[in-house]
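Good morning, colleagues, and thank you for making time. I should like to take you through one structure this morning, beginning with the whole chain and then turning to some of its parts.

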Amino acid sequence: MRSHSCYMLAYECFKATDDRKLDTESCVKIVLRNKNLGLDQYRFLLQTMVNSGLGEETYGPRNVLAGREETPTLMEAHEEMDEIMFGTLDNLFSKTGVSPPDIDILVVDVSLFSPSPSLTARIVNRYKMRDNIKSFSLSGMGCSASMVAIDLVQNLFKSYKNAFAVVVSSETIGPHWYCGKENSMMLSNCLFRSGGCSVLLTNKPCLKHKALMKLKHSVRTNIGSNDEAYGCCIQIEDQQGYNGFLLTRNLTKAAAKAFTMNLKVLVPKILPIRELIRFTVISICKTNNKTAKPSLNLKTGIQHFCIHPGGRAVIDGLGKSLGLNEYDMEPARMALHRFGNTSAGGLWYVLGYMEAKKRLKKGDKILMISLGAGFMCNNCVWEVMKDLGNGNVWEHCIDRYPIPRKNMINPFADKYSWINDERLNFVRMDLSNIILS
């Protein structure tokens, strides 16, 4: 059964160049280019950005920064993906010494960009990989796609012994920038940023000593049969014909349902028997007490919680439901602040923060929690194989983190809070000129 193991040898997160940073002034310029917006939309965007949890150093796509968000091209979409895919893969192969022709399995998960030839074919061509490589392109699975890809590799390892696999997780932001005025569709512009990650996996027993982690469990839950869940996070056109991603109020409900169903399967696999017995006994004793609901202590089997940095509300909600403290949620909060919601690649920035802070010790268990369109909840548990402390993508800034929550004040609040002045309701003027001045 040892050949069925799935070891993580390395992972490489993408860090864009400084000219792609989306600070407050850059965001304001992009917003003001949208002539569909009025006072109500400005107020909504101000409130959303202030509460987003994003900082001043997240990265945007080049076409949007250059003012071409309404006319994206296929070439620009490819260039956006090439920069992420090839940049992370070049570093991955260089640091591990594994050669591209050695790769047996290649999985690329990018939800909103599915060109022909595929992105996997583009990678195979770039690195001149073998003609018998098993390649898979996953699309439409949103922020949880990376865990789907990991689970796919784990299952393929049962059929292919002594193999190397690469998973590339990312998203194209530029071609899907929303240019309309619907509040529920503008949310994606406020949260999603450019990023991605490439991961090298193997089931070779002889490389166990080089592994960073070992995959212990993987559980996938899909509640797409429920109409509300299916439609709570969906790509559509608004009434003006603008394409965008709609996030509805049912998203929270769908996430809670999918997450609960997933944990029912995962928890018995990861918690010690004593904790399961304790929970069962307390549940029986409190059957008639409706005000006191017993809860499982996940920390009896898990040391670290790698929560998808989908937004402040996502992190707060999952943290509360799991009974986590600020230390547990710090990696997700800081990843959101520094890099934003990078969709499927987001979890790896959270993991990178844990490693850069030297939190990960041999034998520790890490629970990765991902939620995505469909609606899906895909979670997995890794065991740390040795003490880790690589600075990785965080190396340039880890000493500045964590930033206390009281100091995470978004500059939008200080500079543009006057937009909420009620007197503006009775004045007709071009607010864009005032804001720019």
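The chain shown here contains 15 helices and eleven strands. Its radius of gyration is 22 Å, close to the 22 Å that the globule rule gives for 437 residues, so the chain is as compact as a globular protein of that length. Please bear in mind throughout that this is a predicted model.

Some further values describe the chain as a whole. The C-alpha trace spans about 70 × 65 × 45 Å along its principal axes. Of the 437 residues, 54% count as buried. Among the contacts with a separation of 6 or more, 80% are made by residues 24 or more positions apart. The accessible surface amounts to about 19,800 Å², and carbon and sulfur atoms contribute 52% of that area. As for charge, the chain carries 54 positive and 42 negative charges, and the mean positions of these two groups are 9 Å apart.

Let me now turn to the strands, and to strand 4 in particular. This strand covers residues 164-170, and seven of its seven residues are buried. Which residues lie on each of its two faces? On one side are Phe164, Val166, Val168 and Ser170, and on the other are Ala165, Val167 and Ser169, with both faces covered.

Strand 4 also has two pairings to consider. Strand 2, residues 105-110, runs parallel to strand 4 and is joined to it by six bridges. Within that pairing, Leu106 stands opposite Val166. Strand 5, residues 196-202, runs antiparallel to strand 4, with seven bridges between them. Here Val168 of strand 4 faces Ser198 of strand 5.

A further set of pairings involves strand 6. Strand 1, residues 7-13, pairs with strand 6, residues 213-222, in the antiparallel sense over two bridges. Met8 is the residue that stands opposite Met213 in strand 6. Strand 6 is also joined to strand 11, residues 376-384, by nine bridges, and these two strands again run antiparallel. In this second pairing, Thr221 has Cys377 of strand 11 as its bridge partner.

Next, a single residue in a loop. Where does Ile133 lie? Ile133 is found in the loop between helix 5, residues 119-127, and strand 3, residues 134-138. Is this loop residue buried or exposed? Its relative accessibility is 12%, and since the cut-off for a buried residue is under 20%, Ile133 counts as buried. Leaving aside residues up to four places away in sequence, Ile133 touches Ile103, Asp104, Ile105, Leu106 and Val124. One of these, Leu106, has already appeared as the residue opposite Val166 in strand 4. Another, Ile103, is 30 residues from Ile133 along the chain, yet their C-alpha atoms are separated by 7.1 Å.

Finally, I come to helix 13, residues 346-356. Why may this helix be described as largely enclosed by the rest of the structure? Eleven of its eleven residues are buried, and that is the reason for the description. Those buried residues include Trp348, Tyr349 and Tyr353, together with Glu355, as well as Gly346 and Gly352. Just after the helix, Lys358 takes a positive phi of about 60°.

That concludes the presentation, and I shall be glad to take questions.

Technical notes:
Residues are numbered from 1 along each chain as its sequence is written. This is a predicted model: local features need pLDDT of at least 70, side-chain atom pairs count only at pLDDT 80 or more; totals for chains, interfaces and linings use all residues. Side-chain values use heavy atoms; hydrogens and water are left out. Two strands pair if DSSP finds at least two bridges between them. Helices (H or I, at least four residues) and strands (E, at least two) are DSSP runs, numbered from the N terminus. The radius of gyration is taken over C-alpha atoms; the globule rule is 2.2 Å times the number of residues to the power 0.38. Buried means under 20% relative accessible area, exposed over 50%, partly exposed in between (1.4 Å probe, protein chains only). Contact means heavy atoms within 4.5 Å. Accessible areas come from the Shrake-Rupley method with a 1.4 Å probe; for residues, only the protein chains shown count as cover. Lys and Arg count as positive and Asp and Glu as negative; His and the chain ends are not counted. The place of a charge is taken as NZ of Lys, CZ of Arg, CG of Asp or CD of Glu.
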